[in-house]
Amino acid sequence: MRPVTMTVPIDHIDNWIFDLDNTLYPPSAKLFDLIDARMGAFIMRLLDVDAVEARRVQKQYFHDHGTTMAGLMRHHGVDPETFLIDVHDIALDRLSIDARLRAGLERLPGRRLVFTNADADYAARVLAARGIADLFDGICDIRVTRYTPKPDPEAYSAMIAHLGVDPARSLFVEDMARNLTPAKALGMTTVWLDNGSESGHRDHLPGHVDFHATDIADWLDDLPLPWGLS
């Protein structure tokens, strides 16, 4: 086991909040490639454009609005439910059960929660495919936030209310560095999972990151749990 230098105390944490995509499964699974392709096809049909222009629009909206869907809603009046159902209609056979991830999550004292820009139906399918669905106590999805995505501060306010968490006693794990900034402002302990996600480093502010990890199972393995024991 690799020793971890604890840069901040975590023995007060009783809410362990995780992003979903490219966090509770690795980017190497390339699951988001399937979603990306469906987003592109959706935009091609909606705007009657070719694949190149659709991808430009898709990524521009993602960077400008937090999600592609938010941009499509704002600029083209897209119904969010139609979009969510369409783009998440993918097979999950690229995912597999991860016994080490499960063991690491099981060791965490307190509640395990998901905060995602996706919808809860899709999130539940992903958790089941990873063999960890029974370990989680709640999901805050894009419907709960009224389709307002991370990193909009309103999404975090909705999450706190929905999941009933105290930010000062919460830790948030996320592969997109920019999504940690609002969490840190609220007093959460933050973990940047720097694992190669597309644009994961965008707007990275080192001062807003308490822990910098590259593999979630490694990071969980290295936590000094239970508290006070090596």
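# Exercises on a predicted model

Helix α1 supplies the largest share of the lining of the largest pocket, six residues. The model is predicted. The exercises below start from that pocket.

**Exercise 1. Describe the largest pocket: its volume, its central residues and the elements that line it.**

Solution.
- Step 1, volume. The largest pocket holds about 680 Å³ of space.
- Step 2, residues. Its lining counts 36 residues, and the closest to the centre are Asp 21, Asn 22, Phe 32, Met 39 and Phe 62.
- Step 3, elements. Two or more lining residues come from each of α1, α2 (51-65), α3 (68-76) and α4.
- Step 4, a ring at the centre. Phe 62 also carries a charge over its ring: the charged end of Arg 178 sits 4.8 Å from the ring centre.

**Exercise 2. Place Asp 36 in the fold, and decide whether Asp 36 is buried or exposed.**

Solution.
- Step 1, element. Asp 36 belongs to helix α1.
- Step 2, accessibility. Its relative accessible area is 9%. The cut-off for buried is under 20%. Asp 36 is therefore buried.
- Step 3, a distant position in sequence. Gln 58 is 22 residues from Asp 36 along the chain, and their C-alpha atoms are 8.7 Å apart.

**Exercise 3. Classify the aromatic pair of Phe 42 and Phe 83, and say which elements it ties together.**

Solution.
- Step 1, context. The structure has six aromatic pairs.
- Step 2, geometry. For Phe 42 and Phe 83 the centres are 5.1 Å apart and the planes make 85 degrees. An angle over 60 counts as edge-to-face. This pair is edge-to-face.
- Step 3, elements. Phe 42 sits in helix α1 (residues 31-47) and Phe 83 in helix α4 (residues 80-87), so the pair links parts 41 residues apart in sequence.
- Step 4, burial. Phe 42 and Phe 83 are both buried.

**Exercise 4. Do the same for Phe 115 and Phe 172, then add what surrounds Phe 115.**

Solution.
- Step 1, geometry. The centres are 5.8 Å apart, with 40 degrees between the planes, and the pair is tilted.
- Step 2, elements. Phe 115 is in strand β2 (residues 111-115) and Phe 172 in strand β4 (residues 170-174), so the pair ties together parts 57 residues apart in sequence.
- Step 3, burial. Phe 115 and Phe 172 are buried.
- Step 4, cluster. Tyr 156 joins Phe 115 and Phe 172 in one aromatic cluster.
- Step 5, charge. The charged end of Lys 150 lies over the ring of Phe 115, 5.0 Å from its centre.

**Exercise 5. Find the unusual backbone geometry in the loop between β3 and α7.**

Solution.
- Step 1, the rule. Most peptide bonds are trans, and most residues other than glycine have a negative phi.
- Step 2, the peptide bond. Lys 150 and Pro 151 are joined by a cis peptide bond, with omega about 5 degrees. Pro 151 lies between β3 (138-140) and α7 (153-163).
- Step 3, Arg 146. Its phi is positive, near 55 degrees. Arg 146 is in this loop and is exposed, at 73% relative accessible area.
- Step 4, Tyr 147. Its phi is positive too, near 70 degrees. Tyr 147 is in the loop and is partly exposed, at 23%.

**Exercise 6. Judge the confidence of the chain, and name the stretch with pLDDT below 50.**

Solution.
- Step 1, whole chain. The mean pLDDT is 91, and 90% of residues reach 70 or more.
- Step 2, the stretch. Residues 1-6 fall below 50, with ten contacts in the model beyond near neighbours in sequence.
- Step 3, reading. Low pLDDT means that the predicted coordinates should not be read in detail.

Technical notes:
Residues numbered from 1 in each chain as written. Predicted model: local features only at pLDDT ≥ 70, side-chain atom pairs only at ≥ 80, totals over all residues. Heavy atoms only, no water. Phe/Tyr/Trp six-rings, centres within 6.5 Å; stacked < 30°, edge-to-face > 60°. Helix = DSSP H or I, 4+ residues; strand = E, 2+ residues; numbered from the N terminus. Buried < 20%, exposed > 50% of the residue type's maximum accessible area, 1.4 Å probe, protein only. Lys NZ or Arg CZ within 6 Å of the ring centre and 35° of its normal. pLDDT = per-residue confidence, 0-100. Contact = heavy atoms within 4.5 Å. 1 Å grid on protein atoms, 1.4 Å probe; cavity = no way out; pocket = protein on both sides within 12 Å on 5 of 7 lines; lining within 4 Å. Points joined across faces, edges and corners; volume = space filled by probe spheres on them.
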